[in-house]
Amino acid sequence: MFHVSLFVTIINYIFVTLKNNVRKYPEWDKARVCPATDVIRARRELTQVEEILKEKRAEQEIKRKYMDEQWEEARKQQLQLRQSFVKFNTLVKENVEKRERAEQKIKEENERQEKYKQEIEELEQKLRYMRDVRDKMQRYVGEYRKYQNYLDRVVNETNEFQSINEIFNRYETLVEARQALSDHQDRNLQMLEDKGTEIHHLTEVKTQVLMGLNNKLAQLQARYDRAKAQELKWETIVSKIKETAATKNLELTQVKACCWNIYQQICKRKEIPVKVSSEDVEQQLIHIKRTILELKRIIKTVKKKVREEKGLPQ
């Protein structure tokens, strides 16, 4: 397809060139062209075009080979670059790892140096402290040298002690004995104080208990007096109630006797037998009431008749 397009382009170019180079004559001065001449000229032009086309094809083939070589060279360079990139990437990774290890070692070394510096400072402080202690002990030795000389003289002049350590032991024994006696005395004094405090506390407690009992006794005495007064009051009331009850009982007995007598009189006057018991006062009163009502009706009837007989208005 590419060769056909190139061929068409070349033909058009040749045709345009020939057309521009041909001189145009007036129609009246134009020579008559023979068809054979046109054919020959066309064949000549076609031959020229084919030669040009061959040259272009050869040139195109050369260019294609050159381009293939260039592409092959480019692929080789690409492969080399890719391999170089892989190697470079590996190298970079190794360098990064080496750098990280180196940085870690540097960091550890710095930490170790810092630790050593701190230890050196601590040791220097301890050394200064020990030097101060040494100087202080030397001053103490110088100050107490006279006491050692005195103790040596005591050991030499007396036969009681064999060495200074025995003096110190005797002194420590006496100090311990004095401390023990002092502690024993303090314990006894504390015990006495505790007992005194306990006795005082018990005295206060018993006093409070006694006061409470006295208050309670006074309250009970007051309650007893009030109860005694209430007892006298209620005894008086009971006596009055008994007297009233006796009076009422006597009155009740008299009323019962009267009711019984009236009931008997009514039964006797009516000439009816006594049917109610002497103890059944209620029935007796009912019968008496009925009799009284009957008497009232009788009296009313009698009064009415008397008025009628006398001609009095009712």
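A polar contact is taken here as a pair of N or O atoms within 3.5 Å, of which, within protein, one must be able to donate a hydrogen and the other to accept it. In the predicted model, such a pair links two residues of one helix: the backbone oxygen of H287 lies 2.8 Å from a polar atom of the T291 side chain. T291 belongs to helix α4, which spans residues 281-310, and H287 is found in helix α4 as well.

Both residues were examined for their exposure and their surroundings. Because buried means under 20% relative accessible area, T291 counts as buried at 7% relative accessibility, and H287 likewise counts as buried at 15%. When residues up to four places away in sequence are not counted, T291 touches I266 and K270. With the corresponding residues left out, H287 touches Y263, I266, C267, K270 and I272, so that I266 and K270 are contacted by H287 as well as by T291.

The setting of this pair is a chain whose secondary structure comes to 4 helices and 0 strands, the elements running α-α-α-α from the N terminus on. Of the 314 residues of the chain, 6% count as buried, H287 and T291 being classed as such. Among the contacts in the chain with a separation of 6 or more, 37% are accounted for by residues 24 or more positions apart. The chain exposes about 29,000 Å², of which carbon and sulfur atoms supply 57%.

Conventions. Residues are numbered from 1 along each chain as its sequence is written. This is a predicted model: local features need pLDDT of at least 70, side-chain atom pairs count only at pLDDT 80 or more; totals for chains, interfaces and linings use all residues. Side-chain values use heavy atoms; hydrogens and water are left out. Helices (H or I, at least four residues) and strands (E, at least two) are DSSP runs, numbered from the N terminus. Buried means under 20% relative accessible area, exposed over 50%, partly exposed in between (1.4 Å probe, protein chains only). Contact means heavy atoms within 4.5 Å. Accessible areas come from the Shrake-Rupley method with a 1.4 Å probe; for residues, only the protein chains shown count as cover.
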